[in-house]
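Please open the model in your viewer and keep the selection tool at hand. The stops below go from the interior to the aromatic pairs and then to the open spaces.

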Amino acid sequence: MKAMILAAGRGERMRPLTDHLPKPLLSVGGKPLIVWHIERLAKAGFYDIVINHAWLGHKFEEILGNGSHLNVNIHYSPEDTGGFETAGGIATALPLLGSAPFLVINGDVWCDWDPIEALAKAQQLQQQQAKAWLLMVDNPLHHPLGDFHLQNNGKLAQASGSTTLTFAGIGVYDPSLFSALPPRTVAKLAPLLRQAMQEQQVLGTHYKGQWTDVGTPSRLQELDAQLH
């Protein structure tokens, strides 16, 4: 099973830290945020990893290389300046990801969830003819309204009232979710997910472990302190 780390964002809220380094390369707990992901993926048996990049993308290739020193094979999916958004970035990388379900992780989150669980989620997608599985977490203070509602049947629906959870930025997707998107197209993920939810094709799991959206310098500092 292959994995993709999304790393093409500009990181505006992180400026000036991201003026000279992409957000996933910022250090927490003594190593770049993206290295935490790569090490966790390697431990779980994910050796083929795709990383998309746009802003200062050459920095990833300079620092991470082909991934051999981290016991993985890294393949890069370069994007135009400004990037293609999440769905567009994944659609562009599909030739590198293959025809089976794959794992996608936002490069700017930190989570202690074990990626080995993605293998079972991929099987679940195929068994239920679903298109996506999303890891959901309790709503953080900076996102109190959440994103989607996790139903009793394990499927996700559009947000409704106080019963919502927040999408952790970690999911398993069937390539068919992106089949209508031409490569190198700017497209957001949420509209694709909402459409699939209407067709009861999005599964979810409520995760109660550690998760941080490393979106601001203060949250970066807090996470750094926790990991040291």
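Begin with the largest nonpolar core, which has 37 residues, a nonpolar core being a set of buried Ala, Val, Leu, Ile, Met, Phe, Trp, Tyr and Cys residues joined through side-chain atoms within 4.5 Å. Select Ile-34, Ile-38, Ile-51, Leu-64, Leu-103 and Trp-113, the residues with the most contacts inside this core. Helix 1 (residues 33-43) gives the most to this core, with five residues; helices (H or I, at least four residues) and strands (E, at least two) are DSSP runs, numbered from the N terminus.

The model is predicted, so local features need pLDDT of at least 70 and side-chain atom pairs count only at pLDDT 80 or more, whereas totals for chains, interfaces and linings use all residues. Residues are numbered from 1 along each chain as its sequence is written, and side-chain values use heavy atoms, with hydrogens and water left out.

Next, centre on Leu-64 and leave aside its neighbours within four places in sequence: Leu-64 is then in contact (heavy atoms within 4.5 Å) with Ile-34, Val-35, Ile-38, Ile-51, His-69, Leu-70, Ile-74 and Tyr-76. Apart from the largest core lies another core, of 28 residues, among them Ala-87, Met-136, Ala-187 and Leu-189.

Return to helix 1, where eight of the eleven residues are buried, that is, under 20% relative accessible area, with exposed meaning over 50% and partly exposed in between (1.4 Å probe, protein chains only). The buried residues to select are Leu-33, Ile-34, Val-35, Trp-36, His-37, Ile-38, Leu-41 and Ala-42. Helix 1 is followed by Gly-45, whose phi is positive, near 95 degrees.

Now display the aromatic rings, among which there are four aromatic pairs; rings of Phe, Tyr and Trp (its six-membered ring) pair if their centres lie within 6.5 Å, and planes under 30 degrees apart count as stacked, over 60 as edge-to-face and the rest as tilted. Trp-36 and Trp-110 have ring centres 5.9 Å apart and planes at 75 degrees, so this pair is edge-to-face. The pair links distant parts of the chain, with Trp-36 in helix 1 and Trp-110 in strand 7 (residues 109-111), 74 residues apart. Trp-36 counts as buried at 15% relative accessibility, and Trp-110 is buried with a relative accessible area of 6%. Phe-102 and Phe-178 have ring centres 6.4 Å apart and planes at 25 degrees, so this pair is stacked. Add Tyr-173 to the selection, since Phe-102, Tyr-173 and Phe-178 form one aromatic cluster.

Turn to the open spaces, and show the largest pocket, which has a volume of about 1100 Å³. On a 1 Å grid over the protein atoms alone, a pocket is an open set of points with protein on both sides within 12 Å along at least five of seven lines, a cavity is a set of points where a 1.4 Å probe fits but cannot get out, and lining residues have an atom within 4 Å of a point. Grid points are joined across faces, edges and corners, and a volume is the space filled by probe spheres set on the points. Of the 40 residues that line the largest pocket, select Leu-6, Glu-85, Thr-86, Asn-106 and Asp-108, the closest to its centre. Strand 11 gives the most to this lining, with seven residues.

Finish at the largest cavity, with a volume of about 50 Å³, by selecting its lining of His-37, Arg-40, Ile-105, Cys-111, Trp-113, Pro-115 and Ile-170.
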